[in-house]
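Me: I have a structure to go through with you. Let's take it in short questions and answers.

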Amino acid sequence: MKSFICLVIFFFAGLGHAYGASHFRICAFNLHSFGEAKAKKSSVMRTLTQIIARCDVTLLQEVRDRKERALSELLERLNRFQAEHRYQAVASQRLGRSDSYQEQYVFVYRADTATVTGHYQSPDNRPGDVDAFAREPFVVRFRAPKTAIKEFVLIPQHTAPANTSKELDALYDVLQDVRKMWKTEDVMLLGDFNADCAYAKRKREKLQLITDKNLHWLIADETDTTVRASTSCSYDRIVVHGQRFASAVVPSSAKAFNFQMEYGLTEEQALEVSDHYPVEVLLKNGAHKLLPSFFGDLSRETEQKMFKSFSCFFLSPLVVQTLTW
């Protein structure tokens, strides 16, 4: 009987360890013209460091770092701020239709939890609509062995407000190209889509990126991703392709991160950082894939609560005493 008790204890202890393992956080943040000027403001850089250090992979948009000093400063701060992680970055070329205004997509990631296994600049050569994007996607494939999904592709997009619907249509085509080229269904699209308020002019039912049943929009339409109190728009989005990827997402984890409230900033102080909140989502750790679903088609959160209830019962002093008689 004592052997049985030991097995029960180890069983539930193992489950607790598996469920307690940290999840993998993917974030997307429009930095609102990030360059030398912002890099010189220590309070802004301190807040940016705190925000980005929360994430395993962060897509940065509106990086306008012509001399490539601001990004280096940010990486140095991140690596000083969290010594237990090592941060690296992979960046697109400078993108834009004019020499006077160009941006980069930058992925900052923890090199100890994720590695880049491939990347390419998507060609803006859509048949019948060459140059559909103001800033064509920079597609990156990551391997994250501690997650349930192991490997996935991220497609970033910061749409031009005047052509949001057109660019979202073209983004759907990029998704199909990535699926064929890399033979994968595990793709996430993320970034400032400008997919709300005055910029989303075309009816939703006409956009394949919305109507395709294989695509799961994780940031709700009513989510405000803007800092200004005078606006309430869900511009920034996260979309995953396929049921496998959707099932690897921690339920209800997709949200906007209100750094103004989290760090006790005034609106003016927050706007110095950005006029957008970052959006984020959690991926389940690998233990979720290894654990069997003992109770059928219940969510992992429900299973976890049930396991805790059972463990509290089996490991209670009265039950332990009874079983060891």
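Me: Before we look at side-chain pairs, what is a polar contact here?
Reply: It is a pair of N or O atoms. Within protein, one must be able to donate a hydrogen and the other to accept it. The two atoms lie within 3.5 Å.

Me: Which side chain joins that of Glu103 in a polar contact of 3.4 Å?
Reply: The model is predicted. The cut-off for a polar contact is 3.5 Å, and the pair in question is joined at 3.4 Å. The partner of Glu103 is the side chain of Arg135.

Me: Glu103 also makes a polar contact with the side chain of Tyr101; at what distance?
Reply: Glu103 is found in strand S5, residues 101-110. Its side chain contacts that of Tyr101 at 2.6 Å.

Me: Is Glu103 buried or exposed?
Reply: Buried means under 20% relative accessible area. Glu103 has 2% relative accessibility, so it counts as buried. Leaving aside neighbours within four places in sequence, its contacts include Arg94, Leu95 and His158. The class asked for is buried.

Me: Glu62 is another contact of Glu103. What is the phi of Glu62 near?
Reply: Glu62 is found in strand S2, residues 57-63. It is buried, with a relative accessible area of 12%. Most residues other than glycine have a negative phi. The phi of Glu62 is positive, near 60 degrees.

Me: Cys197 has a positive phi too, near 55 degrees. Where is Cys197 found?
Reply: Cys197 is a residue other than glycine. At 36% relative accessibility it counts as partly exposed, because that class runs between 20% and 50%. Its place is the loop between S9 and helix H6 (208-211).

Me: Back to S5. How far apart in space are Tyr109 and Arg86, C-alpha to C-alpha?
Reply: Tyr109 is found in strand S5. It counts as buried, at 8% relative accessibility. Not counting residues up to four places away in sequence, it touches Arg86, Tyr87 and Phe142, among others. Tyr109 and Arg86 are 23 residues apart in sequence, and their distance in space is 8.3 Å.

Me: Now the sheet. In what order do its six strands run?
Reply: The sheet is open and its pairing is mixed. Its edge strands are S6 (115-121) and S10 (215-217), each pairing on one side only. Neighbouring strands are turned by 20 degrees against each other on average, direction ignored. The order is S6-S7-S8-S9-S11-S10.

Me: In which sense do S8 and S9 pair?
Reply: S8 covers residues 150-156 and S9 covers residues 187-192. Four bridges link them. Pro156 stands opposite Leu190 in S9. The sense is parallel.

Me: In which sense do S9 and S11 pair?
Reply: Six bridges link S9 and S11. In S11, Arg237 is the bridge partner of Gly191. The sense is antiparallel.

Me: How many bridges join S10 to S11?
Reply: These strands run antiparallel. One pairing sets Leu215 against His241 in S11. The number of bridges is three.

Me: How many residues of S11 are buried?
Reply: In a regular strand the side chains alternate between the two faces of the sheet. In S11, Asp236, Ile238 and Val240 point one way. Arg237, Val239 and His241 point the other way, and all are buried. The count is six of six.

Me: Which helix lies across S6, S7, S8, S9, S10 and S11?
Reply: The helix covers residues 164-182. It runs at about 150 degrees to S8. It is H5.

Me: What percentage of the chain's residues count as buried?
Reply: The chain comes to 12 helices and 13 strands. Among contacts between residues at least 6 apart in sequence, 71% join residues at least 24 apart. The chain has 325 residues, and the buried share is 51%.

Me: What is the mean pLDDT of the chain?
Reply: Of the residues, 80% reach 70 or more. Over residues 289-308 the pLDDT is below 50. Over residues 310-315 the pLDDT is below 50 as well. The mean for the chain is 85.

Methods. Residues numbered from 1 in each chain as written. Heavy atoms only, no water. Pairing = 2+ DSSP bridges. Helix = DSSP H or I, 4+ residues; strand = E, 2+ residues; numbered from the N terminus. Axes fitted to C-alpha atoms, helices over the stretch in contact; angles between N-to-C directions. Contact = heavy atoms within 4.5 Å. Buried < 20%, exposed > 50% of the residue type's maximum accessible area, 1.4 Å probe, protein only. pLDDT = per-residue confidence, 0-100.
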